[in-house]
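Visitor: Please pick a single part of this structure and take me through it closely. I would like to follow how that part sits among the rest.

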Amino acid sequence: METKSENACFGGVQGVYSHAAATTQCDMTFGLYLPPQASEGDVPLLWYLSGLTCTHENAMTKAGAQAWAAEAGIALIFPDTSPRGADIADDDAFDLGQGAGFYVNANQSPWDPHYRMWDYITDELPKLIFGEFPLDPDRQAITGHSMGGHGALTMAMRLLGRYRSVSAFSPICNPTRSDWGRKQFTAYLGADHGQWAAHDASLLMAEKGFDGPMLIDTGTDDQFLDLLRPETLASAIATRRQQATFRMQPGYDHSYFFISTFMADHVAFHAEALFA
């Protein structure tokens, strides 16, 4: 692992690190914020999965999460959204290829050698960071935005017992019925819709739900509402009677202005579960 940078931040340290990843067969970069409490022992960890076109840097610099994490005593990790490199498959469209890994393990050419973001986020990266930093693997939570909200929700519901809480900002809720999903699943996973269903938060909610608290925020003025399909997840939550808070925030769009506005709520929500 290589340290790219470390900066003092709200009494803690905001670092950026890179490493050669076996799952994606390329160098991967991630941001990790350690709050001041990490100098005294292991701290809980909140995963933040970013959306389309983002790198590790977008949320790290725009979401305003470090101030609230420092106050709560929670570490934050900001992984990248895909493998990257000149020799790695890509597409001219912004919503496929580099910057658009969709948190799945691709099994179709030309994506399958590198696009294994599910295994990277759920297996390889955790093993690395819990071995290198003062983090408590028994106290994890997960959140994300848009494509990252999709990733956070699906990981939380498929890996029951790993995350104490899950939240999402403007998540892609029903990708099997949206152009933000069908296009990418066809490319990465092929025509087997059974594989698609394993990465659809609304279908997973109907099938198994989540074993903890859930918080969802989406803006009523989000320009991508028809692609996000929040009503499908809301319906599945109600049908299952899932422990959840689902909020449509009036006047807010899909931007980081929206995320930063409600970030304090989300960190506090996770802190309650992580320190319970």
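**A close look at one strand**

Guide: Strand 8 is mostly covered, as 6 of its 6 residues are buried. Buried here means under 20% relative accessible area, exposed means over 50%, and partly exposed lies in between, with a 1.4 Å probe and protein chains only. Strands (E, at least two residues) and helices (H or I, at least four) are DSSP runs numbered from the N terminus.

The model is predicted, so local features need pLDDT of at least 70 and side-chain atom pairs count only at pLDDT 80 or more, while totals for chains, interfaces and linings use all residues. Residues are numbered from 1 along each chain as its sequence is written, and side-chain values use heavy atoms, with hydrogens and water left out.

Strand 8 covers residues 214–219. Met214, Ile216 and Thr218 point one way from the strand, Leu215, Asp217 and Gly219 point the other way, and all are buried.

Now the neighbours. Two strands pair if DSSP finds at least two bridges between them. Strand 8 runs parallel to strand 9, and 6 bridges join the two. Across these strands, Thr218 stands opposite Met248, and Gly219 stands opposite Gln249. Strand 7 (residues 163–169) also pairs with strand 8 in the parallel sense, over 4 bridges. There, Ser167 has Leu215 of strand 8 as its bridge partner.

These strands belong to an open sheet of 9 strands with mixed pairing, in the order 1-2-3-5-4-6-7-8-9. Strand 1 (2–9) and strand 9 (244–249) are the edge strands, each pairing on one side only. On average, neighbouring strands of the sheet are turned by 20° against each other, direction ignored. Such angles come from lines fitted to C-alpha atoms, for helices over the stretch in contact, and run from 0 to 180 degrees between N-to-C directions. Elsewhere on the sheet, helix 2 (residues 65–72) lies across strand 1, strand 2 (12–21), strand 3 (26–34) and strand 5, and runs at about 145° to strand 5. Contact means heavy atoms within 4.5 Å.

Asp217 of strand 8 also takes part in charge pairing. Side chains of opposite charge can pair when their charged atoms come close. A salt bridge is counted when a side-chain nitrogen of Lys or Arg is within 4 Å of a carboxyl oxygen of Asp or Glu. By this rule there are 9 salt bridges, and a network of them links Asp217, Arg247 and Asp265.

Another salt bridge, away from the strand, joins the side chains of Asp95 and Lys183, at 2.6 Å from N to O. Asp95 lies in the loop between strand 5 (75–79) and helix 3 (117–132) and Lys183 lies in helix 5 (residues 179–189), so this pair ties together parts that are 88 residues apart in sequence. Asp95 is buried, at 9% relative accessibility, whereas Lys183 is partly exposed, at 36%. Asp123 and Lys127 also meet in a salt bridge, at 3.1 Å from N to O. Being 4 residues apart in helix 3, these two are separated by about one helical turn.

The rings come next. A pair of aromatic rings is described by the distance of the centres and the angle of the planes. Rings of Phe, Tyr and Trp (its six-membered ring) pair if their centres lie within 6.5 Å, and planes under 30 degrees apart count as stacked, over 60 as edge-to-face and the rest as tilted. The structure holds 13 such pairs. One of them, Trp111 with Tyr188, is edge-to-face, with 5.4 Å from centre to centre and 85° between the planes. Trp111 is buried at 6% relative accessible area, and Tyr188 is buried at 1%. For Tyr252 and Phe262, the centres are 5.0 Å apart and the planes at 70°, so this pair is edge-to-face. Tyr252 sits in the loop between strand 9 and helix 10 (256–274), and Phe262 sits in helix 10, 10 residues apart. Ring pairs link both of these with Phe169 and Phe258 into a cluster.

Last, the packing. A nonpolar core is a set of buried Ala, Val, Leu, Ile, Met, Phe, Trp, Tyr and Cys residues joined through side-chain atoms within 4.5 Å. The largest has 62 residues, and Phe30 and Tyr188 touch the most other members. Helix 3 gives the most to this core, with 7 residues. Apart from it lies another core of 25 residues, among them Ala70, Tyr256, Met263 and Leu274.
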